Amino acid sequence: MDHCELLDWASRELKNAFLFEEDLIRLSRLLMAAGIGDFAHHCPDREVTGITIDSRKVTPGNLFVGLPGRSYDGATFARDALSRGACSAIISDYHKDDLEAELEGLLVIERLDRKVLADLVYAFYGDISEKIRLIGVTGTNGKTTITHMVAHVLNVLGSPSRVIGTLNGELTTPESPELFSRIASAISDGASNLAMEASSIAIDQGRINNLTFFVSVFTNLTPDHLDYHGDIESYFLAKTKLFQGGRSRFCVINRDTPYGLRLLLSGNISGTSYSISDATDLSLKMSEITFTYCGRGFMVPLTGEHNLSNSLGAIEVLRLMGFGLGEISSALSTFSGVPGRLELVSGDDPTRVFVDYAHSPDALEHVLSSLKNLLEDEGRLILVFGAGGNRDSIKRSLMGEVAGRYADMVVVTNDNPRNEDPKAIAMAILAGLSDSKRDVPSVVIYDRRSAIEHAIMAAGDKDVVLIAGKGHERYQLIGPNRFEFIDGDVARLVLNLKRQELIT
Ligand SMILES: CC(=O)N[C@H]1[C@@H](OP(=O)(O)OP(=O)(O)OC[C@H]2O[C@@H](n3ccc(=O)[nH]c3=O)[C@H](O)[C@@H]2O)O[C@H](CO)[C@@H](O)[C@@H]1O[C@H](C)C(=O)N[C@@H](C)C(=O)N[C@H](CCC(=O)O)C(=O)O
Ligand SMILES: Nc1ncnc2c1ncn2[C@@H]1O[C@H](COP(=O)(O)OP(=O)(O)OP(=O)(O)O)[C@@H](O)[C@H]1O
Ligand SMILES: N[C@H](CCC[C@H](N)C(=O)O)C(=O)O
């Protein structure tokens with residue numbers, strides 16, 4: 001049997017054993033099904049209760065897979081995993097000499113990577129994408145918004161749906177053991193659909209291997225994550241894998257972007273496309289987008305042209321799933337938005353303050369241009385932002401340039417500097433700012449709280465303040481420390497202070 005046949009056999013043999021039929025799966029069957037071979041003679045053929053790649057999360061009976069990583073070789077945690085009750089620990093032969101002789105349950109194989117992991121996970125859970133309609137969304141920006149829109153409409157229309165993405169996990173797309181486990185839980189809970197974000201890094205690493213999506217969306221592709229992918233072409237090629245080889249049955253592609261057009265022309269799978277030029281009677285207000293699409297009126301309670309694009313993407317997914325424009329329109333009109341995406345945090349205060357998750361040049365450009373178009377005469381656009389440390393450094397100056405083109409005042413501050421020098425990050429942003437050739441007043445205030453305070457205190461009633469980069473995040477990462485930090489809460493506090501100062 002070749003590898004694919006073996007996986008098919010695994011699927012038939014173990015079909016839904018975990019979910020619905022059998023109680024537990026034995027290690028030997030799991031290894032055979034994943035194409036690893038019959039290693040059962042090496043260690044006791046115990047029952048497997050789950051799979052994990054993190055020794056700290058091992059519960060009794062789990063299979064620990066010790067992947068090599070950037071900071072550690074997971075193999076070094078095999079002992080830890082077994083001592084916590086793992087039924088077995090699989091590692092690559094790198095650490096064989098240190099560990100093999102002494103540890104019962106240790107399995108050493110030649111090649112161990114996330115693709116092998118995904119096959120183990122598939123062997124354990126079976127073909128779960130047959131039991132739920134998976135909707136995948138990829139693209140630099142818009143994934144969270146579209147997945148939430150689609151799930152909202154489906155839930156309103158009585159088709160229970162879940163979401164997996166940036167808002168509900170450590171990673172945008174979880175590692176395969178967690179991903180499959182969460183999909184399995186959604187199925188057990190009675191969900192019929194699951195809309196999930198498929199990040200390029202996850203696709204590249206094989207975290208979504210062995211899943212079949214009913215429909216997948218491509219939103220856009222602009223510079224981000226180039227530290228990981230190396231160049232934009234490799235970034236694009238990673239995303240295209242979602243649209244190949246039976247991974248998705250249908251596609252929905254944004255044809256407003258050159259990469260979307262390229263994907264569309266490659267014609268790998270059937271489906272549909274969208275463009276903001278398809279919408280007529282368009283009106284973009286501070287908290288409402290209205291338009292006509294395919295002869296039907298829509299009102300979506302969001303801000304900005306990019307959210308028109310996201311709405312069209314969501315509508316096309318829902319149409320492919322068999323829903324009518326009338327019911328989609330009515331359900332979309334009750335969408336309350338996504339936390340931290342152009343979220344108005346100033347309530348009735350005349351100084352309007354928005355928090356947004358723009359952390360790439362294109363996102364920042366869309367958000368700034370949307371707000372700029374909504375400014376009253378003489379109103380200024382005041383921007384507070386930084387850029388994450390230990391992340392793509394190319395985007396920093398590009399974001400600075402965008403800021404300089406649109407904002408009327410810029411406060412450069414810390415995002416999550418992580419282990420980088422905040423000064424170096426700020427300098428890169430300032431370099432971009434000066435490239436913009438507009439003489440925009442700017443200041444660097446590293447402490448994010450003080451930066452927000454400075455911007456809000458400087459804002460007049462006609463001004464709009466945008467606090468960008470951290471959106472829904474509830475923390476700030478500085479060096480090895482994680483502090484509680486919520487942009488919206490800080491803004492509200494400062495607005496209260498400002499109001500009190502004005503009264504007294
Ligand atoms: C580049 C990348 O994908 N990194 C991921 C990778 O980290 P790593 O290779 O550095 O792992 P490591 O820390 O060296 O550890 C190696 C192994 O030892 C294990 N370990 C470690 C310590 C221990 O005590 N016991 C133990 O078993 C770890 O679980 C890991 O499997 O494996 C870790 C375990 O799963 C991930 O948490 C980590 O994601 C980090 C946090 C990350 O920031 N990833 C980003 C770049 C990412 O994947 N982002 C995408 C895109 C987002 C977007 O589109 O905006 C996403 O999908 O989230
Ligand atoms: N269609 C779009 N085109 C360009 N920018 C967008 C679009 N949709 C959202 N944005 C911008 O990108 C930010 C993130 O939006 P969203 O969370 O929906 O995208 P995402 O792809 O999930 O991002 P991430 O991968 O970082 O989680 C928003 O706060 C907004 O600034
Ligand atoms: N998913 C993105 C989020 C970036 C958010 C920004 N606040 C930062 O910390 O850089 C990433 O991991 O690159």
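## A tour of one sheet and two ligands

Select Val355 and Ile467: in strand E21, Ile467 is the bridge partner of Val355. Helices (H or I, at least four residues) and strands (E, at least two residues) are DSSP runs, numbered from the N terminus. This is a predicted model, in which local features need pLDDT of at least 70 and side-chain atom pairs count only at pLDDT 80 or more, while totals for chains, interfaces and linings use all residues. Residues are numbered from 1 along each chain as its sequence is written, chains are lettered from A and ligands numbered from 1 in the order in which they are written, and side-chain values use heavy atoms, with hydrogens and water left out.

**The sheet**

Now select residues 352-356 and 464-468. These are strands E17 and E21, which run parallel and are joined by five bridges. Two strands count as paired if DSSP finds at least two bridges between them. Widen the selection to the open sheet of six strands, ordered E16-E17-E21-E18-E19-E20, with mixed pairing. At its edges are E16 (343-344) and E20 (442-444), each pairing on one side only.

Next, select helix H15 (residues 394-406). H15 packs on the sheet and touches E18 (381-385) and E19 (409-412); contact means heavy atoms within 4.5 Å. The direction of H15 makes about 165° with that of E18. Axes are lines fitted to C-alpha atoms, for helices over the stretch in contact, and angles run from 0 to 180 degrees between N-to-C directions. Then select helix H18 (residues 487-503), which lies across E17 and E21 and runs at about 165° to E17.

**Ligand 3**

Select ligand 3 and the residues around it, including His225, Tyr357 and His359. A residue is near a molecule if one of its heavy atoms lies within 4 Å of it. Polar side-chain atoms of Arg391 and Arg418 each lie 2.9 Å from an oxygen atom of ligand 3. For Asp415, a polar side-chain atom is 2.8 Å from a nitrogen atom of the ligand. On its own, ligand 3 has 350 Å² of accessible area, and the protein covers 87% of that (Shrake-Rupley method, 1.4 Å probe).

**Ligand 1**

Last, select ligand 1. Of the 24 residues around this ligand, Ser71, Tyr72, Thr172, Glu175 and Ser199 come nearest. Polar backbone atoms of Arg70 and Tyr72 lie 2.8 Å and 2.7 Å, respectively, from an oxygen atom of ligand 1. His225 has a side-chain N or O atom 3.2 Å from an oxygen atom of ligand 1. Taken alone, ligand 1 exposes 1100 Å², of which the protein buries 78%.

Note on methods:
A polar contact is a pair of N or O atoms within 3.5 Å; within protein, one must be able to donate a hydrogen and the other to accept it, and residues adjacent in sequence count only if both atoms are side-chain atoms.
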